[in-house]
Amino acid sequence: MNLPVPATKIHIQKAASILTAGGIVAIPTETVYGLAVNPENDGAVARLYTLKNRPAFNPLIIHVAHLALAEQWAKMTPLARNLADHFWPGPLTLVLDLRTPRSHLALAGLKTVAIRIPSSTQALDLLKAFSGAIAAPSANRSETLSPTTAHHVFKSFAGGAGPDMILDGGPSAFGLESTILDARGDVPILLRPGSLSLDRVHDVCGNPVILPHDLDAPDTILSPGQMRRHYAPRIPVRLNASSAGKDEAFLAFGPGGHDEQSYPTLNLSKTGNITEAASNLFSMLHTLEESGAIAIAIAPIPNTGLGLAINDRLTRAARS
Ligand code: TXA
Ligand code: MG
């Protein structure tokens with residue numbers, strides 16, 4: 001596999017030609033790195049599923065550069081239009097009815113599509129250079145930690161088959177996947193908590209987002225990819241820990257004297273800022289999984305604002 005290359009104009013052009021030829025390119029987005037592919041090329045999508053070791057019943061998010069293209073794929077409801085006006089481009093994915101039936105493997109046989117306009121300039125430049133929609137799941141192997149740098153992507157596929165190109169656009173600004181909302185009705189339904197906080201959605205809609213009864217219930221899979229176990233480091237994680245045990249690494253949150261310890265310790269946010277914590281989550285877990293520790297003990301994270309998304313990822317990571 002080739003080393004990451006900087007996401008310059010020339011490399012973005014090259015990436016667009018790779019997509020046209022049915023190849024796979026790892027790309028930076030503002031949330032996490034994605035594995036980009038042409039959603040209308042079933043062969044390329046099949047190769048992507050194999051690369052990620054992803055079950056084929058798990059559909060991909062469609063990325064577009066502008067609203068007109070979103071409208072070609074999806075039936076935009078008034079709610080969707082309102083949300084798009086406020087939050088696109090940005091870390092919000094909307095699940096909507098398909099405008100016309102499409103049998104692409106990328107949609108896994110559903111009559112709906114998950115779609116978003118990313119705000120990362122490199123992702124937008126690639127979408128424009130390719131001049132079509134791009135499907136992109138997170139650029140990691142299924143169940144493992146999501147990648148927030150080009151190096152994480154490289155590490156995830158090193159030693160085996162990988163994407164045809166890795167574009168390096170620096171660390172992802174948000175560091176956590178997009179929030180996914182079902183926007184087919186009048187009120188948004190949460191399918192996956194993510195980088196856009198539900199409070200902001202509430203402010204725009206005037207309605208609270210409908211939460212599934214129990215985001216944690218193993219049998220409620222509203223979004224096919226919200227598997228029980230997901231986002232997991234290679235070593236076990238232990239939640240709600242007040243300190244690390246022998247040979248464990250520690251992921252702290254908020255002020256508090258963890259600095260003197262001998263075990264590897266990182267702090268998601270020393271000031272207790274939940275947005276900063278969300279942006280550090282995956283990158284710090286990547287670092288700690290490589291620290292030589294036998295497990296990662298993680299401090300409790302408040303379940304407010306983006307804490308909902310952080311705790312969603314952590315509970316799935318902790319399952320065996
Ligand atoms: O931030 C993100 O959303 C990143 C970047 C690369 O855009 N992408 C990402 O993709 O997180 P992925 O494949 O890791 O997660 C997509 C989620 C999966 O849980 C999948 O099941 C769900 O979106 N999904 C896709 N199509 C859907 C649909 N029609 N209805 C419900 N859920 C859907
Ligand atoms: Mg993923």
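**Exercise 1. Helix 2**

In this predicted model, find which residues of helix 2 are buried, and work out how they are arranged around the helix.

Solution.
Step 1. Helix 2 covers residues 42–52, and its buried residues are Ala 44, Val 45, Leu 48, Tyr 49, Leu 51 and Lys 52.
Step 2. Viewed down the helix axis, these buried residues fall within an arc of 160 degrees, so they line one face of helix 2.
Step 3. The partners of the buried residues are strand 3 (34–36) and helix 6 (150–157), against which they pack.
Step 4. Now look at the ends. At the N-terminal end, Asn 41 acts as a cap: one of its side-chain oxygens is 3.1 Å from the backbone nitrogen of Gly 43. After helix 2 comes Asn 53, with a positive phi near 60 degrees.

**Exercise 2. The second largest pocket**

Describe the second largest pocket by its volume, its lining residues and the elements that supply them.

Solution.
Step 1. The space in the second largest pocket is about 200 Å³.
Step 2. It is lined by 14 residues, and those closest to the centre of the pocket are Thr 144, Leu 145, Ser 156, Arg 234 and Glu 289.
Step 3. Two elements, helix 6 and helix 8 (274–289), give two or more residues to this lining. Helix 6 gives the most, with three residues.
Step 4. Sorted by type, the lining has three nonpolar, five polar and six charged residues.

**Exercise 3. The second largest cavity**

State how many cavities of 30 Å³ or more the whole structure holds, then describe the lining of the second largest cavity.

Solution.
Step 1. The search finds two cavities of 30 Å³ or more.
Step 2. The second largest cavity has a volume of about 40 Å³.
Step 3. Its lining includes Thr 179, Pro 193, Gly 194, Leu 196, Ser 197 and Leu 198. Gly 305, Leu 306, Leu 308 and Ala 309 also line the second largest cavity.
Step 4. By type, this lining divides into six nonpolar and four polar residues, with no charged ones.

**Exercise 4. Gly 159**

Decide whether Gly 159 is buried or exposed, and find its distance from Met 1.

Solution.
Step 1. Gly 159 sits in the loop between helix 6 and strand 8 (165–168).
Step 2. The relative accessibility of Gly 159 is 92%. Exposed means over 50%, so Gly 159 counts as exposed.
Step 3. Along the chain, Gly 159 and Met 1 are 158 residues apart, while their C-alpha atoms are separated by 8.1 Å.

**Exercise 5. Backbone exceptions in loops**

Locate a cis peptide bond, then examine the positive phi values of Ser 131 and Glu 143.

Solution.
Step 1. Start from the usual case: most residues other than glycine have a negative phi, and most peptide bonds are trans.
Step 2. The bond between Trp 88 and Pro 89 is cis, with omega about -5 degrees. Pro 89 belongs to the loop between helix 4 (78–87) and strand 5 (92–97).
Step 3. Ser 131 is not a glycine, yet its phi is positive, about 50 degrees. Ser 131 is placed in the loop between helix 5 (121–130) and strand 7 (134–135). Its relative accessible area is 60%, so Ser 131 is exposed.
Step 4. Glu 143, also a residue other than glycine, has a positive phi near 80 degrees. The loop that holds Glu 143 runs between strand 7 and helix 6. With a relative accessible area of 40%, Glu 143 is partly exposed.

Note on methods:
Residues are numbered from 1 along each chain as its sequence is written. Chains are lettered from A and ligands numbered from 1 in the order in which they are written. This is a predicted model: local features need pLDDT of at least 70, side-chain atom pairs count only at pLDDT 80 or more; totals for chains, interfaces and linings use all residues. Side-chain values use heavy atoms; hydrogens and water are left out. Buried means under 20% relative accessible area, exposed over 50%, partly exposed in between (1.4 Å probe, protein chains only). Helices (H or I, at least four residues) and strands (E, at least two) are DSSP runs, numbered from the N terminus. The arc is that of the directions from the helix axis to the C-beta atoms. Contact means heavy atoms within 4.5 Å. A polar contact is a pair of N or O atoms within 3.5 Å; within protein, one must be able to donate a hydrogen and the other to accept it, and residues adjacent in sequence count only if both atoms are side-chain atoms. On a 1 Å grid over the protein atoms alone, a cavity is a set of points where a 1.4 Å probe fits but cannot get out, and a pocket is an open set with protein on both sides within 12 Å along at least five of seven lines; lining residues have an atom within 4 Å of a point. Grid points are joined across faces, edges and corners, and a volume is the space filled by probe spheres set on the points. Ala, Val, Leu, Ile, Met, Phe, Trp, Tyr, Cys and Pro count as nonpolar, Asp, Glu, Lys and Arg as charged, and the others, Gly among them, as polar.
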